[in-house]
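Work through the exercises below with the sequence and the 3D view open. Each task is followed by a solution in steps.

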Amino acid sequence: RLKIMRWALRDWARMRLANKLGGAVTAQLQMDYLPGLACSAFFTIGLAKLDAQLGSRVEALLRAGQSIQRFWLTATKLGLAIHPALAVLAFAHYGETAEIFTADATARAKAGSLATSMRKMLGPAAADVIFIGRIGHPRLKRPFARSTRRPLEQLIEPEAAGPN
């Protein structure tokens, strides 16, 4: 899979071909659908209605960010894993506002459908959602690095010979 992805990412024409052959569907299956079926729950976090006493929207968003971080750290402490689903939120926003985020009319229509589905599922609260995620027990018991790390010996440079 990695070799195919590297090949496709070198050129937009290749990427479009890979997507037509099911590349996007395969990625959705691998990154969204199957992990979603295996998680314990999906959740949303909404921004409370602003009260004049609470301050500005910026302050409210900063407080909400602190609460999300506290929730995430507590979940991690309890041995749970959280995975954000912010793409859903972003594309629903594009669909809701009819923002032209791509030249692909099909993708824009799908964003509109996503916005409609979110409104149906969440009702009026959909407008206040600032975070979507899934939570559950991680598949792996120990953390692992997703990127390749160089051995320590390669990172440490020998001391340069200074003046004697």
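**Exercise 1. A residue in a helix and a partner far along the chain**

In which helix is Thr 76 found? State its exposure class and its distance to His 137.

Solution. The model is a predicted one.
- Step 1: Thr 76 belongs to helix 4, which covers residues 57-77.
- Step 2: The relative accessibility of Thr 76 is 46%. Buried means under 20% and exposed means over 50%, with partly exposed in between, so Thr 76 counts as partly exposed.
- Step 3: In sequence, Thr 76 and His 137 are 61 residues apart. In space, their C-alpha atoms are 9.6 Å apart.

**Exercise 2. The overall layout**

How many helices and strands does the protein have, and in what order do the elements run?

Solution.
- Step 1: There are seven helices and three strands.
- Step 2: Read from the N terminus, the order is α-α-α-β-α-β-α-α-β-α.
- Step 3: Of the 164 residues in the protein, 16% are buried.

**Exercise 3. Two strand residues**

Assign Phe 43 and Ile 130 to their strands, and decide for each whether the residue is buried or partly exposed.

Solution.
- Step 1: Phe 43 lies in strand 1, residues 41-46, while Ile 130 lies in strand 3, residues 129-136.
- Step 2: Phe 43 has a relative accessibility of 14% and therefore counts as buried.
- Step 3: Ile 130 has a relative accessible area of 23%, so this residue is partly exposed.
- Step 4: Each residue can be paired with another one along the chain. Phe 43 and Arg 134 are 91 residues apart in sequence, with 6.0 Å between their C-alpha atoms. Ile 130 and Ile 68 are 62 residues apart, and their C-alpha atoms are separated by 9.9 Å.

**Exercise 4. A salt bridge**

Which residue forms a salt bridge with Glu 96, and how far apart are the closest N and O atoms?

Solution.
- Step 1: Side chains of opposite charge can pair when their charged atoms come close.
- Step 2: The partner of Glu 96 is Arg 119, and the closest N and O atoms are 2.3 Å apart. The cut-off for a salt bridge is 4 Å.
- Step 3: Glu 96 sits in helix 5 and Arg 119 in helix 6, so the pair ties together parts that are 23 residues apart in sequence.
- Step 4: Glu 96 is partly exposed at 45% relative accessibility, and Arg 119 is partly exposed at 38%.
- Step 5: The count of salt bridges comes to one.

**Exercise 5. The second largest pocket**

Describe the volume and lining of the second largest pocket.

Solution.
- Step 1: The space in the second largest pocket is about 270 Å³.
- Step 2: Its lining has 13 residues, and those nearest the centre are Ala 92, His 93, Glu 96, Ala 126 and Ala 127.
- Step 3: Helix 5 (86-97) and helix 6 (105-122) are the elements that give two or more residues to this lining. The largest share, five residues, comes from helix 5.
- Step 4: Sorted by class, the lining holds eight nonpolar, three polar and two charged residues.
- Step 5: Glu 96 thus appears in two places, as a residue of the pocket lining and as a partner of Arg 119 in a salt bridge.

**Exercise 6. A backbone angle and a surface patch**

What is the phi of Ala 98, and which residues make the nonpolar surface patch of about 450 Å²?

Solution.
- Step 1: Most residues other than glycine have a negative phi.
- Step 2: Ala 98 is not a glycine, yet its phi is positive, about 55°.
- Step 3: Ala 98 is placed in the loop between helix 5 and helix 6, and at 62% relative accessibility Ala 98 counts as exposed.
- Step 4: The patch is made by Leu 29, Tyr 33, Leu 34 and Leu 37.
- Step 5: One of these, Leu 29, is found in helix 3, residues 23-38. With a relative accessible area of 42%, Leu 29 is partly exposed.

Methods:
Residues numbered from 1 in each chain as written. Predicted model: local features only at pLDDT ≥ 70, side-chain atom pairs only at ≥ 80, totals over all residues. Heavy atoms only, no water. 1 Å grid on protein atoms, 1.4 Å probe; cavity = no way out; pocket = protein on both sides within 12 Å on 5 of 7 lines; lining within 4 Å. Points joined across faces, edges and corners; volume = space filled by probe spheres on them. Helix = DSSP H or I, 4+ residues; strand = E, 2+ residues; numbered from the N terminus. Nonpolar A, V, L, I, M, F, W, Y, C, P; charged D, E, K, R; others polar. Patch = residues over 30% accessible without salt bridge, like charges linked within 9 Å, V, L, I, M, F, W, Y side chains within 5 Å. Areas by Shrake-Rupley, 256 points an atom, 1.4 Å probe, with all protein chains shown as cover. Salt bridge = Lys/Arg side-chain N within 4 Å of Asp/Glu carboxyl O. Buried < 20%, exposed > 50% of the residue type's maximum accessible area, 1.4 Å probe, protein only.
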